[in-house]
Structures are given as C-alpha cells and as structure tokens.
Amino acid sequence: MLTNRQRLIVKTAVLTLLAAGVTAGAAGLALLYGGWYNIGATAQHFPFVYSVLEEGMKHSVRNHAKEVKVPRLGGAQQLQLGARVYRDKCLQCHGGPGVAQSTIGMSMQPIPGPLVDATQRWEPNELYWVTKHGIKMSGMPAWEYHLGEDELWAVVAFVTVLPSMDAQAFKAATRPEEAR
C-alpha cells in the first residue's frame, strides 16, 4: 500500500507526463495546421527527421522482407537482363560505377543513394522487397506492376555484382544492345 506522500508523487508524475503530452500534441497540431513546416523539396528536413525515417525504413524493410525466398542469383542471362533493367529503370536516379546520377536523381529529396554499396547495407531479399514495393515519400517507385518477377530478381542479381565492377565493366554491361 502506498503512503499519502508516495501517492502524491505518483499522481504528480502522471499529471506532469499527461500535461507534457498534451502540450507536445498541441504544438504538433499548431505546426501541422499552421503550415509552418516547409515541405518543399528545396528545403532539407532536420537531421533528426532523416535519422528517424531512415531507422524506421530499415526496420520496416527487414520485417517485411524476412519471408522472401531468394532464388539462385548470378547466372549470365540473369545478369544481362538485370543490367538492361538497371540501365532503363535505375541508372537515372542511382547512377553506377563511373556514371553520375542524372539531374532528375540529383534533384530528388531525399537524394537517392548509390547502389554500388547496397549489398553492405541490405540482403538480397531486402533489395528485392524494396525494388518490388518501393519506399513511400522517397521517390523510389514500386516496380511490382511494371516489372516481372524475373526482371525484379535480375536487377537484384545485378546490384549484388555492382561492387565488383569498375566503370569500364559497368559501361559494357549497360550498353544498349544495338551498340554492342
């Protein structure tokens, strides 16, 4: 049983936390409905916003991708298909070895990261999930309705070999067929 003093301490702590929550909620609503937060693509988020969103994205992708079964990756035909898909769908935003992002990719907020080191951060099942489902409010589209399963896995296979490619090998792999 709590003493009167302990009850007063608990009651004060609960009411203080409640008041702080109500105050924070009111401030958030004022910010939201007042239109004070600049959502323009030319204004950067605060660093903590990026950190929170990045951390949430990593955990979400890992959670949703854990049931994805990875097929055998890396066959020559699969890598050729992956190079074509990467050239046509990914290169303009992500660039590649020796190839910078296009102005479209550089003008996006957040700026799409290079995929040369994607395998250091993501497993193949996670790369597949991101490619298939996209990332909300990032510019990363969901390719699920535009690419077949073979193309999705082919681009994942190609991304997994990007770290071993130099600029010359990348250029050769992504060269249009008529230029070969």
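The following paragraphs lead through the helices of this predicted model and several of its individual residues.

A convenient point of entry is helix 3, which spans residues 76–94. Two packed helices are described by the angle between their axes and the distance between the axes. For helix 3 and helix 8, the latter covering residues 167–174, the axes come within 8 Å and cross at roughly 95°. Angles of 65 to 115 degrees count as roughly perpendicular, and helix 3 and helix 8 are therefore roughly perpendicular to each other. On the side of helix 3, the residues that meet helix 8 are A83, Y86, R87 and L91, and their counterparts in helix 8 are F170, A173 and T174. By residue class, this contact of helix 3 with helix 8 comprises 5 nonpolar, 1 polar and 1 charged. An α-helix has 3.6 residues a turn, so residues three or four places apart point the same way.

R87 deserves separate attention within helix 3. Its relative accessible area is 16%, and R87 is therefore buried, since the limit for that class is under 20%. The side chain of R87 makes a polar contact with the side chain of D88, at 2.9 Å. When neighbours within four places in sequence are left aside, the residues in contact with R87 are Q92, T174, R175, P176 and E177. One of these, T174, is also among the helix 8 residues that meet helix 3.

Helix 3 also contains H94. The relative accessibility of H94 is 16%, so this residue counts as buried. A polar atom of the H94 side chain lies 2.6 Å from the backbone oxygen of G113. With neighbours within four places in sequence again set aside, H94 is in contact with Y86, Q101, P112, G113, P114, L115 and M140. Y86, which appears in that list, is likewise one of the helix 3 residues that meet helix 8.

The next element to consider is helix 7, residues 149–161. Helix 7 has 13 residues and reaches 19 Å from its first C-alpha to its last, close to the 18 Å expected at 1.5 Å a residue. Which residues of helix 7 are buried? They are L152, W153, A154, V155, V156, A157, F158 and V159. The cover over these buried residues includes helix 3, helix 5 (118–121), helix 6 (124–133) and helix 8.

Helix 6 takes part in a further packing arrangement, with helix 2 (residues 47–65). The axes of helix 2 and helix 6 come within 9 Å and cross at roughly 105°. That angle makes helix 2 roughly perpendicular to helix 6. Helix 2 contributes V61, R62, H64 and A65 to the contact, while helix 6 contributes N125, E126, W129 and V130. In terms of residue class, the contact of helix 2 with helix 6 divides into 4 nonpolar, 2 polar and 2 charged.

Two loops show particular backbone features. In the loop between helix 4 and helix 5 lies P110, which is joined to Q109 by a cis peptide bond with omega of about 0°. In the loop between helix 6 and helix 7 lies M137. M137 has a positive phi of about 55°, although this residue is not a glycine. At 83% relative accessibility, M137 counts as exposed.

Two further residues help to indicate distances across the model. I104 is placed in helix 4, residues 103–107. Is I104 buried or exposed? At a relative accessibility of 53%, I104 counts as exposed. From C-alpha to C-alpha, I104 and N63 are 30 Å apart in space, and they are 41 residues apart in sequence. I9 has its place in helix 1, residues 4–34. With 49% relative accessibility, I9 counts as partly exposed. I9 and T174 are 165 residues apart in sequence, with 68 Å between their C-alpha atoms in space. T174 belongs to the helix 8 side of the contact with helix 3, which returns the description to its starting point.

Methods:
Residues are numbered from 1 along each chain as its sequence is written. This is a predicted model: local features need pLDDT of at least 70, side-chain atom pairs count only at pLDDT 80 or more; totals for chains, interfaces and linings use all residues. Side-chain values use heavy atoms; hydrogens and water are left out. Helices (H or I, at least four residues) and strands (E, at least two) are DSSP runs, numbered from the N terminus. Buried means under 20% relative accessible area, exposed over 50%, partly exposed in between (1.4 Å probe, protein chains only). A polar contact is a pair of N or O atoms within 3.5 Å; within protein, one must be able to donate a hydrogen and the other to accept it, and residues adjacent in sequence count only if both atoms are side-chain atoms. Contact means heavy atoms within 4.5 Å. Axes are lines fitted to C-alpha atoms, for helices over the stretch in contact, and angles run from 0 to 180 degrees between N-to-C directions. Angles under 35 degrees count as roughly parallel, over 145 as roughly antiparallel, 65 to 115 as roughly perpendicular and the rest as oblique. Ala, Val, Leu, Ile, Met, Phe, Trp, Tyr, Cys and Pro count as nonpolar, Asp, Glu, Lys and Arg as charged, and the others, Gly among them, as polar. The expected span of a helix is 1.5 Å times one less than its number of residues.
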